[in-house]
Amino acid sequence: MADRTSTRAQQPSEELLDALLVRGHAFAQLLLGRHRGVAGGISPVQLQALTVLAGGDVRMHELAHRLGLATSTVTRLVDRLERAGLAERRRERPDRRSVLVGLSTPGRQALHAVRKRLRELLGDLLAGLPAHDQGEFLRLLTALVDGLHLPALEPLPAGLRTR
């Protein structure tokens with residue numbers, strides 16, 4: 001039992017992984033870029049969107065705000081996620097003009113699978129470190145993420161946006 005507990009303590013938590021995926025864009029791109037099979041064809045920005053949507057349905061403008069992208073860019077992103085079967089648009093009652101975006105069941109399953117593979121990859125990356133250093137790295141990384149009191153991301157200027 002002690003081995004299982006210590007192994008679990010060394011695994012990155014869901015919260016830390018979410019923080020890395022949503023706020024750690026460069027780190028996520030490094031992980032996903034070096035190990036393309038990990039995300040199963042889901043791009044880093046799509047993975048960020050799925051991670052945000054895992055917290056519950058949101059309005060398009062809120063998703064855009066949380067991703068730091070223009071609403072028009074997020075509209076195209078959600079179009080791609082819908083075509084892939086990973087997300088769904090829903091009308092909010094009583095105001096049917098308001099559109100919410102949420103994960104579909106396959107989207108939730110895909111996100112779970114990617115998170116599992118990323119946790120395994122991160123575990124493999126940490127396996128080369130002595131146990132004490134692994135714990136220290138995770139402690140410091142957690143402190144770093146906890147210390148990120150970043151203001152809400154603003155949309156990127158048009159010249160800096162990616163498709």
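What share of the contacts in the chain with a separation of 6 or more comes from residues 24 or more positions apart? In this predicted model, the share is 59%. The chain has 163 residues, and 34% of them count as buried. Its secondary structure consists of 8 helices and 3 strands, arranged along the sequence as α-α-α-α-β-α-α-β-β-α-α.

A starting point is helix α4, which spans residues 44-53. Of its 10 residues, 8 are buried. These are Gln-46, Leu-47, Gln-48, Ala-49, Leu-50, Thr-51, Val-52 and Leu-53. One partner of α4 is helix α6, residues 71-83. The two axes come within 11 Å of each other and cross at roughly 85 degrees. Angles of 65 to 115 degrees count as roughly perpendicular, so α4 and α6 fall into that class. On the α4 side the contact is made by Val-45, Gln-46, Ala-49 and Leu-50, and on the α6 side by Leu-77, Arg-80 and Leu-81. By class, the residues of this contact are 5 nonpolar, 1 polar and 1 charged.

Leu-81 shows the contact from the side of a single residue. Leaving out residues up to four places away in sequence, Leu-81 touches Gln-46, Ala-49 and Leu-50, and also Leu-86 and Ala-87.

Helix α6 also packs against helix α5, which covers residues 60-67. Here the axes are 9 Å apart and the angle is about 105 degrees; α5 and α6 are therefore roughly perpendicular as well. Met-60, His-61, Leu-63, Ala-64 and Leu-67 of α5 meet Thr-71, Val-74, Thr-75, Leu-77 and Val-78 of α6. This contact has 7 nonpolar residues, 3 polar ones and no charged ones. Leu-77 appears in the contact of α6 with α4 and again in the contact of α6 with α5.

Several of these residues return in the nonpolar core. In soluble globular proteins, nonpolar side chains tend to be buried together. The largest nonpolar core of this model has 26 residues, and those with the most contacts inside it are Ile-42, Leu-50, Leu-53, Leu-63, Leu-67, Val-74 and Leu-81. The elements that give two or more residues to this core are α4, α5, α6, strand β3 (99-103) and helix α7 (105-127).

Ile-42, one of the residues with the most contacts inside the core, lies in the loop between α3 (25-34) and α4. Is Ile-42 buried or exposed? Its relative accessibility is 10%, and the cut-off for buried is under 20%, so Ile-42 counts as buried. Beyond its neighbours within four places in sequence, Ile-42 is in contact with Leu-47, Leu-50, Leu-86, Ala-110 and Val-114. Leu-86 is also touched by Leu-81. The C-alpha atom of Ile-42 is separated by 9.5 Å from that of Ala-84, which is 42 residues away along the chain.

Helix α7 contains Arg-119. Arg-119 has a relative accessibility of 16% and therefore counts as buried. Between Arg-119 and Glu-14 there are 9.0 Å from C-alpha to C-alpha, although they are 105 residues apart in sequence.

The last stop is helix α8, residues 131-146, where Gln-134 is placed. Gln-134 has a relative accessible area of 11%, so this residue is buried. What does the side chain of Gln-134 reach? The side chain extends to the backbone oxygen of Leu-126, at 3.0 Å. The C-alpha atoms of Gln-134 and Gly-123 are separated by 9.2 Å, with their positions 11 residues apart along the chain.

Conventions. Residues are numbered from 1 along each chain as its sequence is written. This is a predicted model: local features need pLDDT of at least 70, side-chain atom pairs count only at pLDDT 80 or more; totals for chains, interfaces and linings use all residues. Side-chain values use heavy atoms; hydrogens and water are left out. Buried means under 20% relative accessible area, exposed over 50%, partly exposed in between (1.4 Å probe, protein chains only). Helices (H or I, at least four residues) and strands (E, at least two) are DSSP runs, numbered from the N terminus. Axes are lines fitted to C-alpha atoms, for helices over the stretch in contact, and angles run from 0 to 180 degrees between N-to-C directions. Angles under 35 degrees count as roughly parallel, over 145 as roughly antiparallel, 65 to 115 as roughly perpendicular and the rest as oblique. Contact means heavy atoms within 4.5 Å. Ala, Val, Leu, Ile, Met, Phe, Trp, Tyr, Cys and Pro count as nonpolar, Asp, Glu, Lys and Arg as charged, and the others, Gly among them, as polar. A nonpolar core is a set of buried Ala, Val, Leu, Ile, Met, Phe, Trp, Tyr and Cys residues joined through side-chain atoms within 4.5 Å. A polar contact is a pair of N or O atoms within 3.5 Å; within protein, one must be able to donate a hydrogen and the other to accept it, and residues adjacent in sequence count only if both atoms are side-chain atoms.
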